[in-house]
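Got the viewer open? Let's take a short walk through this one, picking out one piece at a time.

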Amino acid sequence: MSSATRQQVTSLWGLALLLAAWTVYAVYFSPTTGWTFFLQLTVNGIILGSIYALIALGYSMVYGILKLLNFAHGDVYMIGSFIGFGVLTLLGGPLNPAIPVALLVLCMFVVAMLGSGFLGLAIERFAYRPLRDAPRIAPLISALGVAFFLENSALLLFGASYRNYDGFDLISYNGIHLGGSTGVFVSYLGVIVISGAVLLTLALIALVRWTQFGKAMRAISFDREAAAMMGIDTDRVIATTFFVGSALAGAAGVMFGLLFSQIYHLMGFLAGLKGFTAAVVGGIGSIPGAMLGGLLVGLVESWAQGYLNGNDSELVVFGILIGVMLIRPSGLLGTPALQKV
Amino acid sequence: MKKVMVAAVFAVALSILAATALGSAKAPARAKASSLATATVKCGATRTIGIAAPYTGPDADIGNQQVRWAKFFVKRWNAQKANSHRKIKVVNGDTQLGVDTAFAVQVAKSFASNSKVLGVVGPAGSQEVIASTSAYKKGGLGFISGSATKVTLTDGHTDGNRRGYFFRTVPNDGAQAPVVANWMTKKLKWKRVYIIDDQEAYSQGLADGVQKILNNRGVTTKRDSIDPKVSDFSSTIAKIPSNYQGIYIPWQGAPLAQTFGQQLQAAGKGHIKLFGSDGLFAPGVWKIAGSYDSAFPYDPTNPIVKAYVKAHKGNGEFFGLPSYVAAQVVVGAVTRACADGKATRAEVRKYIGKTKLKSSILGFPVSFAKSGEMHAPATFGVFQIQKNGSFKRIG
């Protein structure tokens with residue numbers, strides 16, 4: 001077992017122990033005891049975490065290949081949600097859809113993912129590619145600029161008013177009751193979100209592990225110059241990576257809209273920050289790490305809202321980020337950077 | 001090197017263009033705010049007022065309602081033949097309520113140093129009023145809010161003394177909390193109420209007020225809060241016991257309440273009724289049928305109200321309605337001050353204080369006490385959301 005793998009296993013064991021201890025405390029000793037309440041919050045956290053995971057995947061992919069923190073990613077997610085809303089409105093709206101609901105939802109996802117993907121392509125081409133060989137700070141500033149540009153463009157195009165997906169009216173207010181009518185409730189929307197996130201993540205893992213493109217991606221993330229010398233079209237691979245990462249963000253945007261209804265031009269900022277936190281906690285550059293980080297952030301936020309106060313969840317989430325950075329700077333599943341001596 | 005030169009030339013050219021554009025635009029006369037406080041301004045055929053509201057930001061939805069109502073008044077005023085020689089021009093000030101009160105202060109300073117601005121409608125939030133009072137006072141500007149309801153704004157000592165400068169065309173939270181608590185206990189006969197604030201001063205003040213009255217009357221209450229930037233309320237909802245009868249949500253931003261209500265319903269707790277405050281008065285946006293809301297009163301039969309609803313595709317945007325009256329008061333005061341062709345900001349403030357509207361779209365006459373509060377019978381009404389999304393007054 002390599003040193004990096006050993007560290008990852010240790011991290012996972014540590015995490016498992018912490019989660020077990022927390023579970024025991026929450027269920028038996030907290031002010032609100034009981035398995036039902038704990039499991040309900042856990043399910044809520046997994047649903048929320050699935051969305052964060054999709055955002056985190058985009059951050060991780062781009063960082064893995066370019067060592068760039070794409071701070072515009074949260075706003076690509078925001079644009080994706082607006083594209084999905086546009087499709088929903090064009091096809092009749094949540095109360096009177098012109099086509100079967102399943103087809104409508106599929107259209108929303110496909111169009112939003114394509115739209116966000118192409119937006120990601122454009123961002124990469126015009127805001128990042130010219131700065132690829134510039135000092136690291138330059139593309140970072142460019143990313144921030146793109147973020148503000150997208151936010152204000154959305155404000156100009158769509159206005160300041162919130163838009164409402166009315167996802168529950170579109171799909172259903174019903175769901176699955178686990179353990180009877182007073183047991184844990186999982187809405188059908190929640191099931192769609194979790195299964196969508198799992199499918200997309202599996203597709204991404206398959207893309208990275210078992211395709212030529214994935215191999216090229218991994219080669220470039222290891223050594224861009226060497227990959228270019230081996231004949232890999234680095235520009236095309238990087239652009240495609242942005243496309244895929246942005247498409248995932250677009251999917252996350254539609255999921256958010258369906259589940260939480262309201263979308264607005266500033267929604268990308270906090271979600272992007274949490275997606276970034278998830279990517280860093282999981283290990284930036286690692287795809288499984290991004291998924292794990294996303295789920296963790298969602299769970300922590302849900303548990304904090306449930307066991308503490310509504311205004312403490314952000315405190316706890318970002319406190320966790322600081323804690324993980326202090327104990328394991330490369331993240332739970334990240335690989336410590338090699339240093340030449 | 002060549003790229004750097006090209007970029008530098010481009011930047012210089014852009015700067016020259018920008019400077020030319022700015023220089024040629026008619027910029028308002030800027031002067032020290034303090035000297036403008038006492039300066040006499042020539043009124044002319046066009047008089048200027050400022051509208052301070054959240055045009056952008058998380059509360060832009062309600063802010064733009066206020067702007068539209070205020071500008072609706074100005075449009076109607078300017079359209080009258082009798083006002084052809086005394087038209088009103090509006091200067092916008094984006095306070096970005098919900099982001100940082102520093103924007104409200106910036107707007108106040110900007111208005112104060114604009115010699116043409118004689119009075120101000122806004123700002124929207126109580127916290128903005130507190131933050132920007134000093135700037136308005138320094139500039140001698142009177143300002144009328146159509147939504148800042150914190151009780152202590154007009155008591156003359158807490159959070160500063162702004163008497164003679166600040167007025168409001170809404171009742172304060174001291175009137176709202178008893179109306180809400182009375183309705184819950186006497187009409188609805190609730191015994192268990194869950195109270196959730198949104199961490200803002202307005203919301204916490206109302207939540208505290210209602211909770212205190214309910215507790216004194218033997219009602220069981222539980223208190224929680226949400227972060228208005230977050231849209232996932234599932235965990236907060238999981239904490240609410242199913243045997244509670246009502247949830248009090250004194251928030252700003254109706255979309256938030258709509259999302260909360262939908263998630264409540266999806267969690268199988270739709271039988272627990274929601275009760276909102278004036279910040280949620282948005283027919284067509286918050287449309288959870290059966291929910292209650294306390295809000296500013298208005299006269300739905302008034303032809304002006306009907307004209308606004310018609311002009312805005314059936315959406316009354318009634319949160320902004322008091323700003324129409326605020327604009328009416330400011331414009332009236334400016335017009336009276338300008339009767340002799342010139343005016344000072346002090347004169348405008350004096351005439352604001354002396355305002356006596358025999359009738360208004362609020363449904364009652366409008367005049368102000370020395371504190372800046374409206375005289376009675378200003379109070380809050382209770383509305384219930386109907387199945388078609390409209391708000392019906394029931395109390």
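Before the first stop, a bit of vocabulary: two strands count as paired if DSSP finds at least two bridges between them. Keep in mind, too, that this is a predicted model.

Start by selecting residues 46-53 of chain B, which form strand E2. Is this strand mostly covered or mostly open? Mostly covered: seven of its eight residues are buried.

Now add residues 87-94 of chain B, strand E3. E2(B) and E3(B) run parallel, and eight bridges link them. To see one of these links, click Ala52(B), then look across to its bridge partner in E3(B), Gly93(B).

How do you get from one strand to the other? Select residues 60-79 of chain B, helix H3. Together, E2(B), H3(B) and E3(B) build a right-handed β-α-β unit.

Next, bring in residues 117-121 of chain B, strand E4. E4(B) pairs with E2(B) as well, again in the parallel sense, over four bridges. For a link here, pick Gly50(B); its bridge partner in E4(B) is Val120(B).

Last stop: show both chains and look at where they meet. On chain A, 27 residues are in contact with 26 residues of chain B. To light up chain A's side, select helix H2 (35-66), strand E3 (184-187), helix H12 (287-307) and helix H13 (313-327) of chain A, the elements that each give two or more residues to it. Which one gives the largest share? That's H2(A), with five residues. Color this side of chain A by class and you'll find 12 nonpolar, 14 polar and one charged residues.

Notes
Residues are numbered from 1 along each chain as its sequence is written. Chains are lettered from A and ligands numbered from 1 in the order in which they are written. This is a predicted model: local features need pLDDT of at least 70, side-chain atom pairs count only at pLDDT 80 or more; totals for chains, interfaces and linings use all residues. Two residues are in contact if their C-beta atoms, placed from the backbone, lie within 7 Å. Ala, Val, Leu, Ile, Met, Phe, Trp, Tyr, Cys and Pro count as nonpolar, Asp, Glu, Lys and Arg as charged, and the others, Gly among them, as polar. A residue is buried if 20 or more other C-beta atoms lie within 10 Å of its own, exposed if 12 or fewer, and partly exposed in between; C-beta atoms are placed from the backbone. A crossover is right-handed if, with the strands pointing away from the viewer, the path from the first strand over the helix to the second runs clockwise.
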